[in-house]
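Work through the exercises below with the model open beside you. Try each task before reading its solution.

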Amino acid sequence: FSFSWQTTFQDGGEEVEDGAVYNVTLKKVQIQQAANKGARWLGGEGDQLPPEHTVRQYETSKIRAIKAGTLEKLVENLLTAFGDADFSYISIFLATYRAFASPRAVLELLLDRFGNLETSSHGEVANLNSLESEMVLRAEIASVLRAWLDQCSEDFREPPDYMCLLKLLDYLKNNMPNSDMESRVQNLLKQFQNQEVEAVDGFCSTSSSDLVDGEELEISNPEEFSSFQDHVVAEQLTYMDVMLFRRVVPYHCLGSIWSQRDKKENKNLAPTVRATITQFNAVTKCVISTILGTRDLKIQQRAKIIEKWIHIAHECRILKNFSSLRAIISALQSNSIYRLKTTWMCVSKDILLMYEELSEIFSDHDNYLTSRELLMKEATSKFANLDSSEKENQKKSQKRLQLQKNKGVMQGTVPYLGTFLTDLIMLDTALQDYVEGGLINFEKRRREFEVIAQIKLLQSSCNSYCLIPDQKFIQWFRRQRHLTEEESYKLSREAEAAADTNILSPKSQKSMVKRISTLFLGTDVFTPPKEQPLKSSPVGGSSGESTDSASVSSCEFNHSETEDVCVTPVSSPEDPLKKSSVGSDKGYDSDKGSVSSDKGSSCSKGSVPEAGSGSESSSMSPRELGSLAGSAPRALPVYNRQSEGSCIIRVSMDGLHASVYKSILITNQDRIPDVTQRALLKHNLEPDAVEDYELVQVISEDKELVFPRDANVFYGMNSHVNFDFILRKKA
């Protein structure tokens, strides 16, 4: 007999139970069956019969996927998901449950409620009279526990008591004695306890505490930096990035988790994400200090350092290290480096073109579509897919890539983590945690899992790297003293003032300025930013709070700032407000998992937010969010666009940097008191103080829109400018 299958799906509506709502899908499989013998006599080609001689059979099965439910129902569904053909449920639950429950709460429900065979009310084994039923339940629980230990063993790291691990171990001793899982849990407990007493390997840190006794932080020596080959620097930066990215605990990236990091009681929250941000900032500040740290450098020498960093960025691109690549580009676009016009004039044309191509990877066009597509394209490829419009650069790239291929070792991909933090923050802002009846909105968790799955895929790809640490470079990298924003700006002005202004004729200067402006702004119109002394950093800035989008930053943070990624986005020519602030500072938003500027950071007003840096400057389109997390019944609200009666605005506190903002979802029903109260809550202020504040929309640098007390924010706001608001205390 020969068979062929054709599968179709049909929406089966919803099923409502006590404490749960399910989406039902009907899977219809058509099976065509026919005898092979005699098929050709009946006019068939090969084994295929004509339609009139084919026997058709249909099989219909029901797929139930829980849409919302109580915590108890969600945990119970872990045991029944396979029976309902919801095969991805366990992985989705384990990756996202920390947003609405603790490991202890889930473990107690799983073991005490459903794992206690004497009191279990699990539907399949309500009547526990048979040994078979008992074995079925134990097998289901064992399957869930095994998946938990495989995918999220970090959930059980609870020093010093390890209550969950001990509870699990006690259950296994009583119900599965001498099993492989019991041995595994015992080994995991010993591993955690040993790691607790070991010194933490903090090679990524740039604090003086990581230095050998007697060593001090120092400004980079140009000769020492030049002694490191470009590919060696890129490999070592990649080595450090890989080690940190592989350690990232995916649930730390969830918007609801990451957004809480600025609270005093959460100073140790999401340490694996903070570590990647610390490393990103360290690379950015290292670039700035090597270029500006030595006062007596000649223009050509300083230009050579810039060229070297561009070559290093290109090597990072070959290694598919988008994190350090972005850090270097951000530093070169920072205010203090960008303004070195005379120095940039001495950078060779070929290298400027290379720099332009690397910068375009992180263009904010269409929500950073270029970097997103490139990241997914190369996530599982063996080597980088290099393509240059400049023949000489293309030739060099292919030569370097061939050397990598000759080594016979595949490469992984290190992403810029801020892109994922931004997406997760957008999802957290746009979707509700609970639905009607107080049920946990699990559809939101399915959407979030689409992003988490990408992070896990890239983490797996990083196992392909085969890099050996170079202690000489790592020690040099640790020793670098990072300049504060004020120091770097002052040194930048000194460098320009000391430059020989007669190196180039006025005509060639104008031509070069125009060319550089095209790289940074994507336009032929260039107005050099006014050179104003930087304001001192505000004392009240909260760590980790900033844009919800990928933000652009001059990356010139205070030396004490170590927890926020600084990103300098390329300005978009479509937005005149954004154009006005090249090289402004921003960081990850504490609200949504994006990059934000830490305490004491100083950011220019009107800086350009960008979606890959860890904030969400350019809003994610509904179409893209839909592709991120499956089909969506309706468009999700986004920043800078009113759609279907809702949108997302950014609210910062008066007196703090504009980069320290919170994303707030508003609808066409919201009035000033409602929005003000939510903004106060987001900024960890007393929500009852609504009457003491006024809400203001920033129209331009010298214009504001002040809302009356009971105004409708959605209809009253100016929708033709950025949706940026300030919460100001009334006089």
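Two strands pair if DSSP finds at least two bridges between them. With that in hand, E8 and E9 form a hairpin with two residues between them. The model is predicted.

**Exercise 1. Get an overview.**
State how many helices and strands the protein has, and what share of its residues is buried.

*Solution.*
Step 1. The protein has 26 helices and ten strands.
Step 2. Of its 731 residues, 56% are buried.
Step 3. Turn to contacts with a separation of 6 or more. Residues 24 or more positions apart account for 74% of them.

**Exercise 2. Describe how H1 meets H2.**
Find the angle, the handedness of the crossing and the residues in contact.

*Solution.*
Step 1. Locate H1 at residues 71-80 and H2 at residues 89-96.
Step 2. The two helices pack at an angle of about 140°, and their axes are 9 Å apart.
Step 3. Classify the angle. Over 145 degrees would count as roughly antiparallel, and 65 to 115 as roughly perpendicular. The angle of about 140° therefore makes H1 oblique to H2.
Step 4. The crossing of H1 past H2 is left-handed.
Step 5. List the contact residues. H1 supplies Leu74, Val75, Asn77 and Leu78. H2 supplies Tyr89, Ile90 and Phe93.
Step 6. Sort this contact by class: six residues are nonpolar, one is polar and none is charged.

**Exercise 3. Lay out the five-stranded sheet.**
Give the strand order and name the edge strands.

*Solution.*
Step 1. The sheet is open, and its order is E7-E6-E10-E8-E9.
Step 2. Its pairing is mixed.
Step 3. E7 (661-667) and E9 (703-706) each have a single partner strand, so one side of each has no neighbour in the sheet. These two stand at the edges.
Step 4. From one strand to the next, the twist averages 40°.

**Exercise 4. Follow E8 to its two neighbours.**
Which bridge partners does Val696 have in E10 and in E9?

*Solution.*
Step 1. Start with E10. E8 (residues 693-700) pairs with E10 (residues 724-729) in the antiparallel sense, over five bridges.
Step 2. Pick out bridge partners in E10. Glu694 is matched with Arg728, and Val696 with Ile726.
Step 3. Now take E9. E8 and E9 run antiparallel and are joined by four bridges.
Step 4. Pick out partners in E9. Ser700 is matched with Lys703, while Val696 stands opposite Val706.
Step 5. Check how covered E8 is. Six of its eight residues are buried.

**Exercise 5. Find helices that pack on the sheet.**
Say which strands H18 and H25 touch.

*Solution.*
Step 1. Return to E8 and E10, which pair over five bridges.
Step 2. H18 (residues 417-430) packs on the sheet and touches E6 (646-653) and E7. The direction of H18 makes about 40° with that of E7.
Step 3. H25 (residues 672-682) also packs on the sheet. H25 touches E6, E7, E8 and E10. Its direction makes about 150° with that of E7.

**Exercise 6. Place Val638.**
Is Val638 buried or exposed?

*Solution.*
Step 1. Val638 lies in the loop between H24 (622-628) and E6.
Step 2. Apply the cut-off: buried means under 20% relative accessible area.
Step 3. Val638 has 0% relative accessibility, so it counts as buried.
Step 4. Compare its position with Ile649, eleven residues apart along the chain. Their C-alpha atoms are separated by 8.4 Å.

Key: Residues numbered from 1 in each chain as written. Predicted model: local features only at pLDDT ≥ 70, side-chain atom pairs only at ≥ 80, totals over all residues. Heavy atoms only, no water. Axes fitted to C-alpha atoms, helices over the stretch in contact; angles between N-to-C directions. Parallel < 35°, antiparallel > 145°, perpendicular 65-115°, else oblique. Left-handed = near helix turned anticlockwise from the far one by under 90°. Contact = heavy atoms within 4.5 Å. Nonpolar A, V, L, I, M, F, W, Y, C, P; charged D, E, K, R; others polar. Buried < 20%, exposed > 50% of the residue type's maximum accessible area, 1.4 Å probe, protein only.
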